[in-house]
Amino acid sequence: MLTAAGRGFGAVVMLLLLICSACQAQLSSTFYADTCPNALSTIRTSIRSAIARERRMAASLIRLHFHDCFVQGCDASILLDNSPSITSEKFVVQNNNSARGFEVIDQAKSAVENICPGVVSCADILAVAARDASEYVGGPTWTVKLGRRDSTTASASLASSDLPLTSSSLQSLIGLFERKGLSERDMVALLGSHTIGQARCVTFRSRIYSNGSDIDAGFASTRRRNCPATSPNGNGNLAPLDLVTPNSFDNNYFKNLLQKKGLLQSDQVLFRGGSTDSIVSEYSRNPSTFKSDFATAMIKMGDIEPLTGSAGIIRRVCSRVN
């Protein structure tokens with residue numbers, strides 16, 4: 001029978017084991033060095049091939065990682081389809097007919113499964129894909145920390161509440177990012193990913209027909225040509241988020257904001273007399289600062305509530321639980 005001292009010693013040992021386990025569960029850039037040494041190069045080849053076919057895909061993959069991490073953490077919950085036990089996040093207003101690139105992640109996952117079955121998570125593939133996409137179109141690169149595991153659940157309700165809307169106010173955006181541990185500077189840098197990609201007419205119609213003081217009249221007129229005033233006419237018609245260099249990752253997005261040429265309302269609020277004006281101005285003058293801050297913010301975002309250690313699973317197919 002254990003004495004009180006013996007039980008106390010056992011408790012200490014258990015505590016130390018738990019602490020050690022937690023340490024081992026931290027994300028690491030070398031997580032797959034032994035278990036799947038060719039994982040990163042395999043993902044990279046797949047992602048670069050997809051963007052070579054369609055340049056817009058770079059923006060879509062960066063956004064997919066963002067929309068994943070903001071809901072339940074970076075756990076690939078956004079990739080799950082509807083099932084009897086899961087209500088998919090794909091159909092909330094912020095994602096429906098908008099989030100894309102799922103098939104590219106599936107292709108990368110299939111390629112990795114061929115060389116290392118059951119080892120590399122879909123959540124990590126999303127994180128690596130975002131980095132590789134940025135680099136391919138002239139954006140920054142960064143070292144991706146790995147070791148995330150995949151969720152067995154999704155949350156449409158959290159996706160509805162935790163993802164920004166194109167109509168979001170500055171204070172609403174700041175609040176959403178702060179709740180994820182991201183500063184105003186992180187937020188402005190991350191939204192700078194709108195230097196690439198396109199948006200649907202339905203997301204910017206109200207802005208270009210508002211005759212507001214925060215939109216350049218000539219810019220609004222140009223955008224109206226392919227975005228009829230009455231919904232649903234032209235709802236899916238696309239316009240570049242950055243009208244100057246829509247396929248290159250640069251700082252023209254911020255220069256556009258200074259000229260009141262942000263396409264989305266949630267873009268222009270970053271430069272409209274508020275607390276983020278100075279950051280937008282700085283990034284418009286210093287592209288290297290923007291790119292450095294973007295990389296830093298992407299690393300921070302990738303650290304949002306990952307499942308590690310024995311939590312979660314490694315999905316064999318990203319769109320469903322094993």
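In this predicted model, Ser 288 is exposed, with a relative accessible area of 56%. Ser 288 belongs to helix 14. A handy way to get a feel for the spacing here is to pair Ser 288 with Val 321: the two are 33 residues apart in sequence, and their C-alpha atoms are 41 Å apart in space.

Helix 14, which covers residues 287-302, also takes part in the lining of the largest cavity, where it supplies the largest share, 3 residues. The model holds 2 cavities of 30 Å³ or more. The largest cavity encloses about 70 Å³ of space. Its lining consists of His 65, Ala 127, Trp 142, Thr 143, Val 144, Lys 145, Arg 148, Met 298, Ile 299, Gly 302 and Asp 303. By class, this lining comprises 5 nonpolar, 3 polar and 3 charged residues. The second largest cavity has about 30 Å³ of space, and its lining is made up of Arg 55, Arg 56, Ala 58, Ala 59, Val 137, Ile 196, Gly 197, Pro 246 and Asn 247. Of these lining residues, 5 are nonpolar, 2 polar and 2 charged.

Turning to helix packing, two packed helices are described by the angle between their axes and the distance between the axes. For helix 8 (residues 184-191) and helix 13 (residues 277-285), the angle is about 50° and the axes lie 10 Å apart. Angles under 35 degrees count as roughly parallel and those from 65 to 115 as roughly perpendicular, so helix 8 and helix 13 are oblique to each other. The crossing of helix 8 past helix 13 is right-handed.

Some backbone details are also worth a look on screen. The peptide bond between Ser 231 and Pro 232 is cis, with omega at about 10°. Pro 232 sits in the loop between helix 10 (217-224) and strand 2 (238-240).

Positive phi values occur at Lys 260 and Glu 305, neither of which is a glycine. For Lys 260, phi is near 65°, and the residue is located in the loop between helix 11 (252-258) and helix 12 (265-268). Lys 260 is partly exposed because its relative accessibility is 40%, and exposed residues need over 50%. Glu 305 has a phi of about 40° and is placed in the segment after helix 14. With a relative accessibility of 53%, Glu 305 counts as exposed.

Terms used: Residues are numbered from 1 along each chain as its sequence is written. This is a predicted model: local features need pLDDT of at least 70, side-chain atom pairs count only at pLDDT 80 or more; totals for chains, interfaces and linings use all residues. Side-chain values use heavy atoms; hydrogens and water are left out. On a 1 Å grid over the protein atoms alone, a cavity is a set of points where a 1.4 Å probe fits but cannot get out, and a pocket is an open set with protein on both sides within 12 Å along at least five of seven lines; lining residues have an atom within 4 Å of a point. Grid points are joined across faces, edges and corners, and a volume is the space filled by probe spheres set on the points. Helices (H or I, at least four residues) and strands (E, at least two) are DSSP runs, numbered from the N terminus. Ala, Val, Leu, Ile, Met, Phe, Trp, Tyr, Cys and Pro count as nonpolar, Asp, Glu, Lys and Arg as charged, and the others, Gly among them, as polar. Buried means under 20% relative accessible area, exposed over 50%, partly exposed in between (1.4 Å probe, protein chains only). Axes are lines fitted to C-alpha atoms, for helices over the stretch in contact, and angles run from 0 to 180 degrees between N-to-C directions. Angles under 35 degrees count as roughly parallel, over 145 as roughly antiparallel, 65 to 115 as roughly perpendicular and the rest as oblique. A crossing is left-handed if the near helix is turned anticlockwise from the far one by less than a right angle, and right-handed if clockwise.
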